Amino acid sequence: MNAKLSNILQDCLQAMESGISLDECLTRYPSLASDLRPLLESAQAARTAGLLPVPGNAVTRGKARVLVHAARLRQDKRRPRLHLTGAWRMAVASLAVLAFLVLTGNGLIAASANALPGDPLYAVKRTVEDARLSMASDPQAEAQIQEEITTRRVEETESLLSEQRVEDVEFEGLVSEQLPDGWRIAGIAVLVTDQTEMEGVISIGVIAEVTGQTQPNGSLLAERIRVEDQESGAPEGGSTPEGTATEQDEETPASEQTDDNSSHGSDDGDSEEDSSGSGSEDATKTPEPDGNSD
Amino acid sequence: MPSMPKSSNPSDIESLRRFDQHAIAAIYDRYYLEVYRYVRYRVGDEMLAEDITSEVFIGCLKAAQVHQGPNKSLLGWLIGIANHKVADYVRHLYRHPVDELLESLPADIPTLPEEIEHRERRRNLQWALAQLTNDQQHVLALLFGQGYSLEETATLMNKKIQAVKALRIRALAALQRKLGGSK
């Protein structure tokens, strides 16, 4: 009975998809009409639940976040870090924090939270970040802290620029636009000169690490821009498919927030990262922003 | 009727494992809407669906990092991750109930009577769907949300066609009860 009903249901659903009304379907199977009607009605309802418009810019909004993760995982794969596991990791981290607390006191840590590069307490802030990273209980937590830190580097740079201070900074983010005299990276206009050291091939849609100096006129002068190669030893002048890049992505990856609700996932994976920008040795010198290959 | 893209290019999976930026951007562009629609069907809310969809792609990168990955269909794999992410979210919601699924429906206030009625029906429907078991929601989302065929759905769910048909009947009957009960 159930198998029969199941097959007839299939016939009716197909018939209805081709435009036949529910009642017309039921007249074909009068003996089963009372069983079929509620099922077909809820099938109609289930179908309407899928008829929702997709917001136009939904695609681009999450893309920066996904690409930043990809860049991080790629770096991680390239430069595996010495892993302190379990108890060792805890012990080392706890000792570091303990020593720090004894030496400095908790107030100092709190006071350092808003420090910017060049401020006396900035080193404290960075040490606390490193300690938090090494104490992360699992790779997901660590990835989240890393994301926070990445966001913070960008925010610090923005603060320095708005205060028109001259300081050395480093940050990373999505390359979203080519400017007449540089690139927009993580939402910040980055000035490129012939003094700027270019590592890797920069194009829209890739993640770049910037080392540079904020200028009194509110611009950022790049000393070095580093883009992870797509593959080790990839030929120079790799492709820059502008079509797949996120040209509209004006928002910086920095503004992305990891939603705690949805991130405690069933998958697990590592996403650790060295915070320093040193690494791949195959630096390629590209003098001008139009070193962007064809 | 939309149909599921057939098996994916094996080089897609290879480029995922290399974390190749351009290839990942292309994969994202190709599958985003399909995954988004599925998630949106399951959770109702637009912003939440966007967020979970990003998580799906990030989850897929993380899995590729530890050399897990799809055997055949990249989309099938992504939908599978999406199903788990939604289930995780719902579990979280049970532990921290805030009635988000209902409250997070669009905030614009409808004024016309038919708009209000439409909105009310949608709300009921989303509520009723959320009351079903995870498998029941999954099968309805695939068959009626995505419009996949029985065969495609059976492949995605790793079940026999007969089992999918039986699950579909149970899901539709349960949905009817919930819809009736909420009126």
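How many residues of chain B are in contact with chain A, and how many of chain A with chain B? In this predicted model, 54 residues of chain B touch 63 residues of chain A.

Let's put an area on that meeting. The size of an interface is often given as the accessible area lost when the parts come together. Here, chain B and chain A bury about 5,300 Å² between them, and 58% of that area is on carbon and sulfur atoms. Within chain B, the residues that lose the most area to chain A are Q21(B), H22(B) and K62(B); together they make up 14% of what that side buries.

Now for the contacts across the interface. There are 9 residue pairs in polar contact between chain B and chain A, and 3 salt bridges. One of these salt bridges links R65(A) with D51(B), with their closest N and O atoms 3.0 Å apart. On chain B's side, the elements giving two or more residues to the surface that touches chain A include α1 (10–18), α2 (21–43) and α3 (46–65). Sort the chain B residues that touch chain A by type and you get 26 nonpolar, 10 polar and 18 charged.

Let's zoom in on α3(B). Where it starts, a side-chain oxygen of D45(B) comes within 3.4 Å of the backbone nitrogen of M47(B). You can check the helix's length yourself: at 1.5 Å a residue, its 20 residues should span 28 Å, and its end C-alpha atoms are 29 Å apart, which agrees. And is this helix mostly enclosed or open? Of its 20 residues, 18 are buried, so α3(B) is largely enclosed by the rest of the structure.

Terms used:
Residues are numbered from 1 along each chain as its sequence is written. Chains are lettered from A and ligands numbered from 1 in the order in which they are written. This is a predicted model: local features need pLDDT of at least 70, side-chain atom pairs count only at pLDDT 80 or more; totals for chains, interfaces and linings use all residues. Side-chain values use heavy atoms; hydrogens and water are left out. Contact means heavy atoms within 4.5 Å. Buried area is the accessible area (1.4 Å probe) that two parts lose on being put together, summed over both. A salt bridge is a side-chain nitrogen of Lys or Arg within 4 Å of a carboxyl oxygen of Asp or Glu. A polar contact is a pair of N or O atoms within 3.5 Å; within protein, one must be able to donate a hydrogen and the other to accept it, and residues adjacent in sequence count only if both atoms are side-chain atoms. Helices (H or I, at least four residues) and strands (E, at least two) are DSSP runs, numbered from the N terminus. Ala, Val, Leu, Ile, Met, Phe, Trp, Tyr, Cys and Pro count as nonpolar, Asp, Glu, Lys and Arg as charged, and the others, Gly among them, as polar. The expected span of a helix is 1.5 Å times one less than its number of residues. Buried means under 20% relative accessible area, exposed over 50%, partly exposed in between (1.4 Å probe, protein chains only).
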